[in-house]
Amino acid sequence: MKTKIIDRSNCRPVITQAGNSVALKTGSWRSLEPVLLKENCTNCLLCWLYCPDMSVIVRDGKVEGFDMDYCKGCGICALECPGKKGQKAIRMRKEEKE
Ligand code: SF4
Ligand code: SF4
């Protein structure tokens, strides 16, 4: 079997300059997507705090949804969400790709 050499020219995604991670839209990695159930949300903002991609959109102290350009579907927000009365406010579902 032939071994493939991986270097800068054929390894994707790659960020070659510092400070430009905004250009790397990690949303393309996603197979699961978060769904917000606002009725169970207390706006504790733990999801915003834990999201590794700053993809939880907050306006006026309230969770509005997710930035799907950068959400990679890791599910950490859903895992950490305490929800209300035992009912989580975020659940993950399989994303339908077009
Ligand atoms: S962690 Fe859950 S309850 Fe807290 S703000 Fe996020 S979605 Fe709402
Ligand atoms: S699934 Fe992961 S990347 Fe997407 S909003 Fe939740 S914590 Fe952030």
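## Two ligand shells in a predicted chain

Of the 13 residues around ligand 1, those that come nearest are C41, C44, C47, C81 and A89. The model is a predicted one. Around ligand 2 there are also 13 residues, and the closest are C51, S55, C71, C74 and C77.

The table sets out the make-up of the two shells.

| Shell | Nonpolar | Polar | Charged |
|---|---|---|---|
| Ligand 1 | 10 residues | 3 residues | no residues |
| Ligand 2 | 8 residues | 3 residues | 2 residues |

The shell of ligand 1 thus holds no charged residues. The shell of ligand 2 holds 2 of them.

Now the chain itself. It has 2 helices and 4 strands. Along the sequence they follow the pattern β-α-β-β-α-β. The chain counts 98 residues, and 17% of them are buried. Take the contacts with a separation of 6 or more: residues 24 or more positions apart make up 61% of these.

One residue serves as a closer example. Where does D69 sit? D69 lies in the loop between β3 (62–66) and α2 (76–80). Is D69 buried or partly exposed? D69 counts as partly exposed because it has 13 C-beta neighbours inside 10 Å. A residue needs 20 or more to be buried, and 12 or fewer make it exposed.

D69 also touches residues from elsewhere in the sequence. Leaving aside residues up to four places away, D69 is in contact with K25 and G27. W29 is 40 residues from D69 along the chain, and the C-alpha atoms of D69 and W29 are separated by 10.0 Å.

Definitions and conventions: Residues are numbered from 1 along each chain as its sequence is written. Chains are lettered from A and ligands numbered from 1 in the order in which they are written. This is a predicted model: local features need pLDDT of at least 70, side-chain atom pairs count only at pLDDT 80 or more; totals for chains, interfaces and linings use all residues. A residue is near a molecule or strand if its C-beta atom, placed from the backbone, lies within 6 Å of it. Ala, Val, Leu, Ile, Met, Phe, Trp, Tyr, Cys and Pro count as nonpolar, Asp, Glu, Lys and Arg as charged, and the others, Gly among them, as polar. Two residues are in contact if their C-beta atoms, placed from the backbone, lie within 7 Å.
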